[in-house]
Amino acid sequence: MTTANISTISTSSDSCHTLFVCKTCASVWQDGKRLGESGGQKLLQQLQGLAQNWHLRDEFPIQEVECMSACNRSCVVAFAASGKITYLFGDLAVDDSASAVLECASQYYSKPDGLLPWSERPEALKKGILAKIPPIPLN
Ligand code: FES
C-alpha cells in the first residue's frame, strides 16, 4: 500500500514560515563521493539542536534542502513565508552561526513584511546576504 508523503509544512495550518538550510554546503568531494559530513549538515544539526528550545520551533520549521545554487558562498540558509520578503544568506560559519540564524529568524517572524534591516541583524548575518526577494502580492 502506498501512502502519500505530505510535507509537514503544508499540513501545519499556522506554519507558513520556513527556515531552509542547505545540507550540501561545504562538502569535500573525492571521486564523486562526499567525504564525511558536510559543513551544511553540521550547521543543520546545530540548528535542529538549538531549535528544540526555540520558542518558535513549531511556527518556523527547519527544512533541509540539497542546494540553493549559492554553493560558492557556503553555508547557506533562507527565510521564507507567505506575504513576506524571502532572504537568502550565505558565508555562514559552520560552527559559529546557528544561534545568530535563529535570532534573525525570530526577528523575521516578528515583522509583518519580514524586513530585516542591516543594523538590526545579528553580526553573522550582516554580511553575506545573497538575495532579498519581494513577497508575492496577496490577493
Ligand atoms: S551546495 Fe549549498 S547552495 Fe549549493
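Of the 139 residues that make up the protein chain in this predicted model, 30% are classed as buried. The contact pattern of the chain was examined in terms of sequence separation: where contacts join residues at least 6 apart in sequence, 64% of them link residues at least 24 apart.

Confidence in the prediction was assessed along the chain. The average pLDDT is 89, and 88% of the residues reach a score of at least 70. At the N terminus, residues 1-15 stay under a pLDDT of 50; for this segment the model contains 10 contacts beyond four places in sequence.

The secondary structure consists of three helices and seven strands. Read from the N terminus, the order of these elements is α-β-β-β-α-β-β-β-α-β.

Strand 5, spanning residues 77-80, pairs with strand 1 and with strand 6. With strand 1, which covers residues 18-22, strand 5 pairs in the antiparallel sense through four bridges. Within this pairing, valine 21 has valine 77 of strand 5 as its bridge partner. The pairing of strand 5 with strand 6, at residues 86-89, is likewise antiparallel and comprises three bridges. Here alanine 78 is bridged to leucine 88 of strand 6.

Strands 5 and 6 also constitute a hairpin, in which five residues separate the two strands. The turn includes glycine 83, whose phi is positive, at about 80°. Strand 5 thus takes part in antiparallel pairing with strand 1 and, through the hairpin, in antiparallel pairing with strand 6.

Terms used: Residues numbered from 1 in each chain as written. Predicted model: local features only at pLDDT ≥ 70, side-chain atom pairs only at ≥ 80, totals over all residues. pLDDT = per-residue confidence, 0-100. Contact = placed C-beta atoms within 7 Å. Buried ≥ 20, exposed ≤ 12 C-beta atoms within 10 Å, placed from the backbone. Pairing = 2+ DSSP bridges.
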